[in-house]
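Student: I am new to this structure and would like a close look at a single part of it. Please choose one pocket and take me through it slowly, in one connected account.

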Amino acid sequence: GRFIRVGILTFVISIVFSLISNGLLAWLDLYTSFLLLVVIISVGILFDLVGVATTAAQEDPFHAMAVRRVPGAREASWLVRHQDQVANFTLDIVGDIVGTLSGAIGATIVFRLVTTFPSLNEAVMSTVLIALIAALTVGGKAYGKIFAFERRTDIVLFAGRVLHFISRATGLSFTNKSRRGRNNHQKKRGRSS
C-alpha cells in the first residue's frame, strides 16, 4: 500500500510541477528560463539538505526546545521521528522530480538557443547544458551533505518552522496524528496493567 501511495504522490507532484514549469517557460525569455532552471536545481539541493539533516539529527534537542515552546520544535521532532518517510520524500521523490524537470527545461532552453542563434550546434549545446545541470546538481548536493551533517539540528529546526508556519496558515497538523497514536498506546498499556 505504501509503495502505491508513493507512486501516486510522485505522479501527482510531477504533473503539478511540469504544468507550472511549462506554463512559466511559455512566458519567460531565454535568460529568465536559465534562472528558472537554477531555481529548480536549488530546490532539489535544498530538499536534499533537509533529507540528510533529518536522518543525521537526534530527537532529544527538539524535545528540550518544545518544552521552552520554541516555534517549530514539535514539528522538527516529528520529522526526526519519521526520518525514513522524510528521507524517502525529500531524497527520492523530490530528487527524481527535480532531475526530470531540470532535463526538460534544459531541452527547452537548448531549443530556444538554437532557434535564436541558428549558427549554434544543437547536439553540442545539449551536451554542454546536460553537463552543466549535472555539475550543479551533483556538486551542490555533495557540498550540501557536508553542510547538512554539520548543521543538522539547525536545518531540521528550520524545516520544522516551515511546517509550523504551514500548519498555522492552513490548519493542517503534522504532529497530532503521532500524538494520538502515543496516547492510544498509553491507554492500552494502562488498561492492561
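Tutor: The account below takes up one pocket and then some helix contacts. The model is predicted, so to speak of local features a pLDDT of at least 70 is needed, and side-chain atom pairs count only at pLDDT 80 or more, while totals for chains, interfaces and linings use all residues. Residues are numbered from 1 along each chain as its sequence is written, and side-chain values use heavy atoms, with hydrogens and water left out.

The second largest pocket holds about 240 Å³ of space; a pocket is an open set of points on a 1 Å grid where a 1.4 Å probe fits, with protein on both sides within 12 Å along at least five of seven lines. Its lining, meaning residues with an atom within 4 Å of a point, is made of 15 residues, of which Gly72, Arg74, Glu75, His164 and Thr175 are the closest to the centre. By class, this lining has five nonpolar, six polar and four charged residues, where Asp, Glu, Lys and Arg count as charged and Gly is among the polar ones. Helix H4 (73-81) and helix H7 (152-170) each give the lining at least two residues, a helix being a DSSP run (H or I) of at least four residues.

These two helices also meet each other: the axes of H4 and H7, lines fitted to C-alpha atoms over the stretch in contact, come within 7 Å and cross at roughly 115°. H4 and H7 are therefore roughly perpendicular, a word used for angles of 65 to 115 degrees, and H4 passes H7 in a right-handed crossing. On the H4 side Ala73, Glu75, Ala76, Trp78, Leu79 and Val80 meet Val156, Leu157, Ala159, Gly160, Leu163 and His164 of H7, contact meaning heavy atoms within 4.5 Å. Nine nonpolar, two polar and one charged residues make up this contact of H4 with H7.

H7 has a further partner in helix H2 (residues 30-56). The axes of H2 and H7 come within 8 Å, crossing at roughly 115°, and this crossing is left-handed. Here Leu49, Val50, Ala53, Thr54 and Ala56 of H2 touch Arg152, Ile155, Val156 and Ala159 of H7, a set with seven nonpolar, one polar and one charged residues. Val156 and Ala159 of H7 thus appear in the contact with H4 and again in the contact with H2.

How values were computed. Points joined across faces, edges and corners; volume = space filled by probe spheres on them. Axes fitted to C-alpha atoms, helices over the stretch in contact; angles between N-to-C directions. Parallel < 35°, antiparallel > 145°, perpendicular 65-115°, else oblique. Left-handed = near helix turned anticlockwise from the far one by under 90°.
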